[in-house]
Amino acid sequence: MKPTLHNRKTMVLGRPNGDTPVRAACEIIARRREGAYWTVSLSAPDIAERAHPGQFVNVAVSGPGTLLRRPFSISRVSRQGPAAGTVDFVFDAHGPGTGWLADRTAHDVLDVVGPLGNPFPLPRQKVSCLLVGGGYGVAPLFFLAEELRREGLRVDMIVGAATHERIFNAIEAKRITASVTFTTDDGSFGEEGRVTDVLEQVAKDCGTGVVYACGPMPMLRAVAEQCQELELPSQIATEEHMACGVGVCWTCVIPTRTKDGSVRMKRSCIDGPVFNGARIAWENSRWEVGGPLVTGADQPIEEPPPRPTDDELWGNA
Ligand SMILES: Cc1cc2nc3c(=O)[nH]c(=O)nc-3n(C[C@H](O)[C@H](O)[C@H](O)COP(=O)(O)OP(=O)(O)OC[C@H]3O[C@@H](n4cnc5c(N)ncnc54)[C@H](O)[C@@H]3O)c2cc1C
Ligand code: FES
């Protein structure tokens with residue numbers, strides 16, 4: 001089923017629409033270094049068949065401190081040709097889980113659950129789409145760009161990173177877009193500054209009708225808030241810390257605004273990770289644009305459901 005703004009609620013975990021996630025033992029077909037990042041291609045035909053841009057896989061890792069699965073956005077799927085049945089993700093090796101993954105090699109097998117979460121909705125009208133990515137957050141936007149182009153939509157991109165080495169796959173960005181603007185914090189590649197420094201001008205030049213973004217949370221907040229000022233609709237792939245990845249633990253909550261203006265916590269693993277940027281109540285979140293953590297909960301916030309009692313959970317055991 002193609003995701004649109006209207007049907008994506010039917011695509012969450014366990015809904016009987018054929019897009020239900022699977023758990024699979026997936027062989028690593030290839031693993032390659034791309035600048036500061038690693039790309040892994042998995043043999044995962046059941047996941048490839050179901051996946052849409054914006055969804056993620058949850059990968060079991062090993063070693064000390066790695067009890068929980070690690071979530072990674074799907075950056076590409078192949079459904080035909082010699083690579084049919086493969087799923088790619090890109091990661092930055094910085095902690096125990098991603099460090100362990102960086103040590104895996106071709107033919108190792110990973111325990112993977114996916115695809116999880118709600119995908120990016122595709123516009124129902126012929127609008128020009130601006131994709132804004134930061135760091136490894138650019139990778140899943142390539143998957144989205146392919147789908148948008150298949151729909152006959154114009155795709156422009158802003159690709160940002162701290163330094164030149166952390167710009168992900170500039171050549172692919174040029175290949176799949178009508179125009180691409182690069183920014184780096186230190187000016188080592190493209191324009192010096194942040195993606196938000198160029199967003200208004202690029203959107204104007206490209207006649208942008210909708211913005212999609214993926215990257216670090218402070219960047220996403222800045223992009224979403226700027227889009228609101230510019231009255232541009234935005235869809236934001238959030239990256240909140242996750243424990244279970246399947247809606248059980250409420251670790252991953254994000255405050256969102258309802259139509260009546262109140263704030264409700266939503267689980268980014270099953271209600272997201274993609275949200276309408278204008279609906280995220282950033283001022284109630286812990287994410288600041290380059291600032292300290294904020295709690296600012298001066299609005300009514302829906303509490304998570306009460307924890308089950310031991311009796312409810314275990315019966316007489
Ligand atoms: C929906 C989603 C998509 C993601 N996509 C990618 C991707 O494409 N590439 C990539 O490199 N990383 C991605 N991340 C972040 C990635 O999951 C973390 O970098 C990774 O879990 C870190 O594990 P670690 O053990 O190496 O590091 P540690 O920082 O030691 O992780 C310890 C714990 O914190 C959690 N955690 C740490 N950083 C993050 C983070 N930024 N987001 C969520 N949980 C975190 C871990 O899951 C783990 O439980 C994504 C996260 C989410 C939620
Ligand atoms: S990570 Fe457990 S509910 Fe989202």
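Reader: Let's start small. In β9, which residue is the bridge partner of V159?

Author: That's F182. Keep in mind that we're looking at a predicted model. As a general idea, sheet strands pair through backbone hydrogen bonds, and the pairing can be parallel or antiparallel. Here, β8 (residues 155-161) and β9 (residues 179-184) run parallel, with 6 bridges between them.

Reader: Where do those two sit in the sheet, and what is the strand order?

Author: You read it across: β10-β9-β8-β7-β11-β12-β15, an open sheet of 7 strands with mixed pairing. β10 (191-192) and β15 (274-276) each have a single partner strand, so they form the edges and one side of each lacks a neighbour in the sheet.

Reader: Which strands does helix α3 lie across, and at what angle does it run to β7?

Author: Helix α3 (residues 139-150) crosses β7 (128-134), β8, β11 (208-214) and β12 (234-237), and its angle to β7 is about 170°. Helix α6 (residues 217-229) packs on this sheet too, touching β7, β11 and β12, with a direction about 170° from that of β12.

Reader: And the barrel: how many strands does it have, and in what order do they run?

Author: For a closed barrel, follow the order around. This one has 6 strands, β1-β2-β5-β4-β3-β6, paired antiparallel. From one strand to the next, the twist averages 45°. Take β1 (residues 22-34) and β2 (residues 37-43) as an example: they're antiparallel and joined by 7 bridges. Within that pair, E27 stands opposite S43 in β2. Helix α3 turns up again here, touching β4 and β5, with its direction at about 35° to that of β4.

Reader: Now the ligand. How many residues surround ligand 1, and which are the closest?

Author: There are 23 around ligand 1, and R70, F91, G95, G97 and T98 are the closest. The elements giving two or more residues to that shell are β4 (70-78), β5 (86-91) and α2 (96-102). By residue class, the shell splits into 12 nonpolar, 7 polar and 4 charged.

Reader: Before I set anything up, what is the mean pLDDT of the protein, and which elements have the lowest and highest mean values?

Author: The protein's mean pLDDT is 87, and 85% of its residues reach 70 or more. Element by element, helix α7 (residues 310-314) has the lowest mean, 54, while strand β3 (residues 56-59) has the highest, 98. Residues 4-17 stay under 50, and the model gives them 25 contacts beyond four places in sequence. Residues 291-304 are also below 50, with 19 contacts beyond near neighbours in sequence.

Terms used:
Residues are numbered from 1 along each chain as its sequence is written. Chains are lettered from A and ligands numbered from 1 in the order in which they are written. This is a predicted model: local features need pLDDT of at least 70, side-chain atom pairs count only at pLDDT 80 or more; totals for chains, interfaces and linings use all residues. Two strands pair if DSSP finds at least two bridges between them. Helices (H or I, at least four residues) and strands (E, at least two) are DSSP runs, numbered from the N terminus. Two residues are in contact if their C-beta atoms, placed from the backbone, lie within 7 Å. Axes are lines fitted to C-alpha atoms, for helices over the stretch in contact, and angles run from 0 to 180 degrees between N-to-C directions. pLDDT is the predictor's confidence in each residue, from 0 to 100. A residue is near a molecule or strand if its C-beta atom, placed from the backbone, lies within 6 Å of it. Ala, Val, Leu, Ile, Met, Phe, Trp, Tyr, Cys and Pro count as nonpolar, Asp, Glu, Lys and Arg as charged, and the others, Gly among them, as polar.
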